[in-house]
Amino acid sequence: MDVVPIAFRPPVVTILDQTRLPAAEVTRELRTMEDVEDAVRTLAIRGAPLLGIMGAAAMAIAAETLGSAPDVLTAAAHRIGTIRPTAVELATGAAGALRFALEMPERERPEALWEFAERYLSRRITEDRQLSAFGAALLPTGCAVLTHCNTGALATGGIGTALGVVRVAWEQGKLTRCYATETRPLLQGARLTAWELKRLGIPASLLPDTAAASLVASGRVQAVITGADRIAANGDSANKVGTYGLAAVAHRHGVPFYIAAPRSTIDPSCPSGDAIPIEFRDAREVGGWGDIRWAPDGIEAYNPAFDVTPAALIAGIITEAGVARPPYEQSLAALLEAP
Ligand code: MRU
């Protein structure tokens, strides 16, 4: 059975609560803006492309619960877009829904926003397949791939981005193994990617983040592929913290490092990675897990959720419209122009 991380049953959005995986497959109903804020902040729903879909669907919830007047919807789009700052699609998903809604009479807006969210999800499903085929074509037969965080169905609503590439390469008989980092501190790799890989029957090895450098140095992987939360115009790419280290190590050992992300992740308003806002999260996420604490109470922590990989370390950016290669200013701009 396919993983269904989000579904629309107006006036309710149902999500698979990703904080409960892999122990339990529990759905959660989002009915209010407060429900949305809590689910996004706690990572019950997460992953940049899926956050775009959530952003669009949250506008439908706003219209149902708060009203459809232009000032109300404009304030709602702003509120949604700022829940998590790094993944650009959360804000652009909501902003796109807002623009669409304002083009029609007020009474039609709630229903139209649900339809908008449905179409957004359908487009993601199609684009994931296209992107994954482009990515799989880059991989040599008999390869093993290292990935980071979770970029599968749980992160997009389709087959995924980096993990979609892994899946299609496996279906094509090209892939021998996927190595997945556990992805401290919230363990998206250990909890979510490992769960997806097992469901798909793809041979997989989970590794501590700290083992990634020696894995790449050992020659066991022929490519490193991750997703992205925001890609600057020059190709600098923000993704789950630790990605920069993987890219640097891959570069050191001549292993190609690829970003796989839909074009909606490209933010032309950010000239370089310096302009990408980085989300910092609570120190308690580093010092323990739930009620289990391994660090002393009150210890401060350095806990950025994302880091920025410089474009110079990226061999290619795989999108649904093709693969961008350096120099990225030109290639990304051309991809954004493409149909
Ligand atoms: O904090 P998260 O779990 O939302 O972070 C997710 C990532 O960093 C993913 O790699 C990225 O969003 C791409 S998902 C296709």
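Gln188 is buried in this predicted model, with a relative accessible area of 2%. Gln188 belongs to helix α8, which spans residues 188-200. Beyond its neighbours within four places in sequence, Gln188 is in contact with Leu43, Arg46, Cys149, Asn150, Glu182, Thr183, Thr193 and Lys240.

A second glutamine, Gln18, shares some of this setting. Gln18 lies in the loop between β2 (12-16) and β3 (27-30). The relative accessibility of Gln18 is 1%. Gln18 therefore counts as buried, since the cut-off for that class is under 20%. Residues up to four places away in sequence are not counted among its contacts. With those set aside, Gln18 touches Pro5, Leu43, Ala44, Ile45, Arg46, Leu50, Leu154, Arg191 and Leu192. Leu43 and Arg46 thus appear in the contacts of Gln18 and also in those of Gln188.

Helix α8 also packs against helix α7. The two axes are 12 Å apart and meet at an angle of about 20 degrees. That angle makes α7 roughly parallel to α8, because angles under 35 degrees fall in this class. The crossing of α7 past α8 is right-handed. From α7, the contact uses Leu163, Val166, Arg167 and Trp170. From α8, Thr193, Glu196, Leu197 and Leu200 take part. By class, the residues of this contact comprise five nonpolar, one polar and two charged. Thr193, on the α8 side of this contact, is also one of the residues touched by Gln188.

Helix α7 (residues 162-171) has a further packing partner, a set of strands. The helix lies across β4, β5 (175-181), β7 and β10. Relative to β5, α7 runs at about 160 degrees.

These strands belong to an open sheet of seven strands. The strand order is β6-β5-β4-β7-β10-β15-β16, and the pairing is mixed. At the edges stand β6 (204-207) and β16 (322-324). Each edge strand has a single partner, so one side of each is left without a neighbour in the sheet. On average, neighbouring strands are turned by 25 degrees against each other, direction ignored.

Strand β7 (residues 223-226) sits between β4 and β10 in the sheet order. Both faces of β7 are covered. Ala223 and Ile225 are buried on one side, and Val224 and Thr226 are buried on the other. Towards β4 (residues 143-147), β7 is joined by two bridges, and the two strands run parallel. Here Val145 stands opposite Ala223. Towards β10 (residues 257-260), three bridges join the strands, again in parallel. Val224 stands opposite Phe257 in β10. Thr226 has Ile259 of β10 as its bridge partner.

Helix α11 (residues 328-337) packs on another part of this sheet. α11 lies across β15 (316-319) and β16. The angle between α11 and β16 is about 155 degrees.

A further open sheet is built from four strands in the order β11-β8-β9-β14. Its pairing is mixed. The edges are formed by β11 (266-267) and β14 (306-309). Each of these has a single partner strand, so one side of each lacks a neighbour in the sheet. Strand β8 (residues 230-232) is joined to β11 by two bridges, and these strands run parallel. Ile231 stands opposite Ile266 in β11.

Phe280 lies in the loop between β11 and β12 (288-289). Apart from neighbours within four places in sequence, Phe280 is in contact with Tyr302, Asn303 and Pro304. Phe280 and Leu215 are 65 residues apart in sequence. Their C-alpha atoms are 28 Å apart in space.

Another helix pair is formed by α1 (residues 33-41) and α3 (residues 70-81). The axes of α1 and α3 come within 10 Å and cross at roughly 20 degrees. α1 is therefore roughly parallel to α3. As α1 passes α3, the crossing is right-handed. Met33, Glu34 and Glu37 of α1 make the contact with Ala76, Arg79 and Ile80 of α3. The residues of this contact divide into three nonpolar, no polar and three charged.

Note on methods
Residues are numbered from 1 along each chain as its sequence is written. This is a predicted model: local features need pLDDT of at least 70, side-chain atom pairs count only at pLDDT 80 or more; totals for chains, interfaces and linings use all residues. Side-chain values use heavy atoms; hydrogens and water are left out. Axes are lines fitted to C-alpha atoms, for helices over the stretch in contact, and angles run from 0 to 180 degrees between N-to-C directions. Angles under 35 degrees count as roughly parallel, over 145 as roughly antiparallel, 65 to 115 as roughly perpendicular and the rest as oblique. A crossing is left-handed if the near helix is turned anticlockwise from the far one by less than a right angle, and right-handed if clockwise. Contact means heavy atoms within 4.5 Å. Ala, Val, Leu, Ile, Met, Phe, Trp, Tyr, Cys and Pro count as nonpolar, Asp, Glu, Lys and Arg as charged, and the others, Gly among them, as polar. Two strands pair if DSSP finds at least two bridges between them. Buried means under 20% relative accessible area, exposed over 50%, partly exposed in between (1.4 Å probe, protein chains only).
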